[in-house]
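Here are my notes for a colleague opening this structure for the first time. Please keep the view open and follow the points in order.

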Amino acid sequence: MERETLEFDVQFVGAGPAGLAGAIHLARLIANHDAAVAGGGPGKAIGETNIAVLEKSAEVGHHGFSGAVMDPRAMAELLPDWRERGCPVASDVTSDDVYIFSEGGKFRLPFLPPALNNHGNCIVSLGDVTRWMGGIAEELGVLIATETPAQVPLMAGNQVLGVRTGDKGVNKAGEHKGQYQPGADCTAKLTVLCEGPRGTIAKQLEKTLASRPANSPRSTRPA
Ligand SMILES: Cc1cc2nc3c(=O)[nH]c(=O)nc-3n(C[C@H](O)[C@H](O)[C@H](O)COP(=O)(O)OP(=O)(O)OC[C@H]3O[C@@H](n4cnc5c(N)ncnc54)[C@H](O)[C@@H]3O)c2cc1C
């Protein structure tokens, strides 16, 4: 069976808040640049750019831990009209209290430790927020490919050409089932890893490219 090859200009691996924010921001930067050039501004138009987000779960938002306190500053920078666009906020935080619970009852702390002050933040479901961001990315022409787990990086020497996605239709013993389908080779001029912590591709590239930045906390640990 032939392995499919998909070519993108830029691909983000992982449709969490990081991957989707990156795709939305890039699509808008290109659109704004091209509009400015069309209006007589400097530079050349970039033109149609294929931006993709590869997501291993069946739907955007399925792997987002639900129930989160969101500091809205980054969202407001990304999408200044995030409220008007209907970002799914369950509630704004209007007051904070810290309770200590014990077998005998509860005790309210008479002060609020600064680290636990969430005034001005929002209570959201991360799954709902990422689903909503996915819709905005798609409106901007970004392709979101769900059920597409990046499994191994595609390399040419030290250059990352893209990722190979996992095969479908393989049983636990590694045997091919009737509906076997080999994973696709997804190549791009730029592959951005947004897998969350301990990503499948990131872990492999850390070994092959020693790509962990020098200021990363883990890289400062003794071997
Ligand atoms: C229990 C818990 C509670 C938290 N509570 C809060 C909170 O209240 N407030 C807050 O601000 N933050 C909270 N966080 C942190 C927050 O969830 C993360 O900072 C944020 O989700 C990171 O976003 P991300 O896009 O980098 O990664 P993720 O949200 O982890 O998204 C990664 C995405 O990539 C996909 N993916 C991973 N690997 C691959 C692959 N190889 N191929 C294709 N797709 C892949 C995953 O399915 C997922 O959709 C909490 C985290 C945890 C674990």
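1. Which of the 21 residues around the ligand come nearest? Ala18, Glu55, His63, Val69 and Ala150 do. Please keep in mind throughout that this is a predicted model.

2. Start with the polar contacts of the ligand. The side chain of His63 has an N or O atom 2.8 Å from an oxygen atom of the ligand. Ala150 takes part through its backbone: a polar atom there is 2.9 Å from a nitrogen atom of the ligand. Glu195 uses its side chain, where an N or O atom is 3.0 Å from a ligand nitrogen. As for cover, the ligand has 1000 Å² of accessible area on its own, and the protein covers 62% of that.

3. Now the site itself. The ligand sits in the largest pocket. Which elements give two or more residues to the shell around the ligand? They are helix H1, residues 17-38, and strand E3, residues 68-70. By character, the shell residues divide into 12 nonpolar, six polar and three charged.

4. Next, look at Thr165. This residue belongs to strand E10, which spans residues 159-165. Is Thr165 buried or exposed? Its relative accessible area is 7%, under the 20% cut-off, so Thr165 counts as buried. Its side chain has a polar partner: a polar atom there lies 2.8 Å from the backbone nitrogen of Ala184.

5. Thr191 can be read in a similar order. Strand E13, residues 185-193, holds Thr191. The relative accessible area of Thr191 is 18%, and the limit for buried is under 20%, so this residue is buried too. Which side chain does the side chain of Thr191 join in a polar contact? The partner is Gln11, and the contact is 3.1 Å.

6. Turn to Leu54 for a pair that is separated in sequence. Leu54 lies in strand E2, residues 51-54. Its relative accessibility is 3%, so Leu54 counts as buried. Gly14 is 40 residues from Leu54 along the chain, yet their C-alpha atoms are separated by 5.6 Å.

7. Gly178 gives another kind of view. It sits in strand E12, residues 176-181. Why does Gly178 count as exposed? Its relative accessible area is 83%, and exposed means over 50%. To place Gly178 in the model, use His33 as a reference: the two are 145 residues apart in sequence and 48 Å apart in space, C-alpha to C-alpha.

8. Leu143 falls in the middle class of exposure. This leucine lies in strand E8. At 44% relative accessibility, Leu143 is partly exposed, because the value falls between the 20% and 50% limits. How far apart are the C-alpha atoms of Leu143 and Lys207? They are separated by 30 Å, with their positions 64 residues apart along the chain.

9. Check the backbone at two places. Most residues other than glycine have a negative phi. Glu147 has a positive one, near 50°. Where is Glu147 found? It is in the loop between strand E8, residues 143-145, and strand E9, residues 150-156. Its relative accessibility is 45%, so Glu147 counts as partly exposed.

10. The second place is Arg198. Here, too, phi is positive and near 50°, in a residue other than glycine. Arg198 is found in the loop between E13 and helix H4, residues 200-209. Is Arg198 buried or exposed? Its relative accessibility is 56%, over the 50% cut-off, so Arg198 counts as exposed.

11. A last look back at the ligand. Glu195, with its side chain 3.0 Å from a ligand nitrogen, is worth displaying beside the His63 contact. The His63 contact is 2.8 Å and involves a ligand oxygen. Add Ala150 to the display for its backbone contact of 2.9 Å with a ligand nitrogen.

Note on methods: Residues numbered from 1 in each chain as written. Predicted model: local features only at pLDDT ≥ 70, side-chain atom pairs only at ≥ 80, totals over all residues. Heavy atoms only, no water. Near = heavy atom within 4 Å. Polar contact = N/O pair within 3.5 Å; in protein donor to acceptor, adjacent residues only side chain to side chain. Areas by Shrake-Rupley, 256 points an atom, 1.4 Å probe, with all protein chains shown as cover. 1 Å grid on protein atoms, 1.4 Å probe; cavity = no way out; pocket = protein on both sides within 12 Å on 5 of 7 lines; lining within 4 Å. Sits in = over half its atoms within 2 Å of the grid points. Helix = DSSP H or I, 4+ residues; strand = E, 2+ residues; numbered from the N terminus. Nonpolar A, V, L, I, M, F, W, Y, C, P; charged D, E, K, R; others polar. Buried < 20%, exposed > 50% of the residue type's maximum accessible area, 1.4 Å probe, protein only.
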